[in-house]
Amino acid sequence: MPDFASSRISTARQAKDRIFRGLCYGAAALGVLLLVIVLWGAVREGFSALTPKFFRGYPTASVSRAGIMPALLGSLWIVLLTLAISLPVGIAAAVYLEEIARKTRLNAFIQANIANLAGVPSIIYGILGLAVFVRFFGFGNSIVAAACTMSLLVLPTVILTTQEALRTVPMAYREGSLACGATPWQTLLRMTLPCSSGPILTGVILAASRAIGETAPLLVVGALASTREVPHGIRDPYTVLPIQIFNWSGMPQHAWHVKAAGAIIVLLTMLLALNAVAIVLRNKATRI
Amino acid sequence: MIAGKFQTKATSRAITEWCLTHVCLLAGLLSIVTTFGIVFVLLNEARKFFAVVPPAEFYFGRQWEPMFAEPKFGALPLMAGTFQIAAGSALVALPIGLLIAIYLSEYASPRIRRVVKPALEILAGIPTVVYGFLGLTFVTPILQSWGLPLDTFNALSGAIVVGIMIVPLVTSLSEDAIAAVPKATREAAYGLGASKAEVITNVVLKSASSGIAASFILAISRAVGETMAVTLAAGAKPNLTLSPFEQVQTMTAYIAATVKGDVPYGSTGYQTLFAVGFSLFAMTLSLNLLSMKLVKRLKKHHA
């Protein structure tokens, strides 16, 4: 006689199994769908704003003529200056922690501290920048104050990804170099760093995309709400794309939202291009 | 003669290398300087603020009107707003993020992984101001068209967009925790006749629980510290309410709104920035430390 009771239990269990699997598949599909919705939401709204005049124009008070040129240039200035500051410092710190430091208490503290800094809200970095760079050093609301603030913000990212990159180089490479008579520093500069340059570059791109997209700290250190001036030097006032998007989004009229969406498309295109480079680099690195 | 030449070359190289080493050490120490800088800057101004306003009034007062002629410094409305956004976004992000992590590590074929993972990475890389824009111009109108009595700015849209924003974080950290569960543990459970869902819910998730909890806490910490999305979507009016349909102001949104309005340097209004900032820093720091502790426990558990 077949055991009906137990077979019923097993169908119930099978059903549960199927439901659970459905939930997991559904969530994953939702994740991809959300990305599509986010991108589509911006493109649908802002596509009509993308005219040549939009790229050449200034953020004027009249909607029809408003453009993003100063914001675009401001973003470029700040990203480049941020990278110029944070890359040497970040890579040096990573080299210290990974290649030079012994396992002392101080170094363990530095390491834990960097992990913590990575989790500090970005607006807190803005407050730090306001007190230190804008007021104490007297940089004012300038590009250099913004870039210094942004550098502190991206440093943990640069350090942690560079450390990961250095860890991918096999110990035998270093030992081989040392055995040939190279000093530890020659080994580092001619062997370890070149061998890990691919993944380090991924970290650089991560830092750059963070610096392009961050808004809150620049709001605090005084990016301009709107400007008729294009920045010419590091002491000049500035505005950046995310701040421009923020200001236009806050306007009540719909026409401004179209402009904001147009600026979002430009910003996202820049970020996607950077990310695509990062993904290609990583796939190359894993193949080795 | 030749030996001497080599010697000077070697010494100068030694000096250069000594310098390089110490430059690297300085770069490492900069992170400690940054942390102390943050704590010093926040405490220094917050101290002046708390000399004027008693901490009890700040943390338990129910009215936040710092710029009025007769200012009120009760930060409870800001904290309630922050709590609402954090709790709401957790409701959105934690289940979705965890289910995606389970899907990726237990069900997905390598081909689908190659689609879903980059999609999540891109989602994680989208600037927060974009999420704010979408909350305001996309999510709120849709919810309104469904008949929800929403204000133009409302906590619900803020929580939804912040939730979407932190899904990738939950997924990537939970996935790491799930991947750390040894294969033998799973096989033992299959050997006892468990179905796949039973293996996952009863064995894998339990074994990875501290890592998953760590990912949840870190995501909540991110939601607490998020600024632009909540400023744009949830609004800028301090409001002690639990209704998700109304406008609220979070701690971060207060800082953003106040610095924009050029508060006079050195005034009590200026110092509120630092008092709020310090409270925010303390909250996120304790959440982050808790999360790190859980990760450490997970590592010990599987070691």
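What percentage of the 288 residues in chain A is buried? In this predicted model, buried residues account for 46% of chain A.

The secondary structure of chain A comprises 12 helices and zero strands. Read from the N terminus, the order of elements is accordingly α-α-α-α-α-α-α-α-α-α-α-α. The overall dimensions of the chain were examined next. Along the principal axes, the C-alpha atoms of chain A occupy a box of roughly 85 × 65 × 35 Å. The radius of gyration of chain A is 25 Å, whereas a value near 19 Å would be expected for a compact globule of 288 residues. With regard to contacts within chain A, 75% of those between residues at least 6 apart in sequence connect residues that are at least 24 apart.

Helix H9 of chain A, formed by residues 197–213, was considered individually. Of the 17 residues in H9(A), 14 are buried, and the helix is thus mostly covered. The length of this helix was also compared with expectation. Because each residue should contribute 1.5 Å, the 17 residues of helix H9 of chain A should span 24 Å, and the distance of 24 Å between its end C-alpha atoms agrees with this value.

In chain B, the domain assignment distinguishes two segments: domain 1 covers residues 2–44, and domain 2 covers residues 72–302. The centres of domain 1 of chain B and domain 2 of chain B, taken over C-alpha atoms, are separated by 39 Å.

How values were computed: Residues numbered from 1 in each chain as written. Chains lettered and ligands numbered in written order. Predicted model: local features only at pLDDT ≥ 70, side-chain atom pairs only at ≥ 80, totals over all residues. Domains from an automatic or database assignment. Helix = DSSP H or I, 4+ residues; strand = E, 2+ residues; numbered from the N terminus. Rg over C-alpha atoms; globule rule 2.2 N^0.38 Å. Buried ≥ 20, exposed ≤ 12 C-beta atoms within 10 Å, placed from the backbone. Contact = placed C-beta atoms within 7 Å. Expected span 1.5 Å × (residues − 1).
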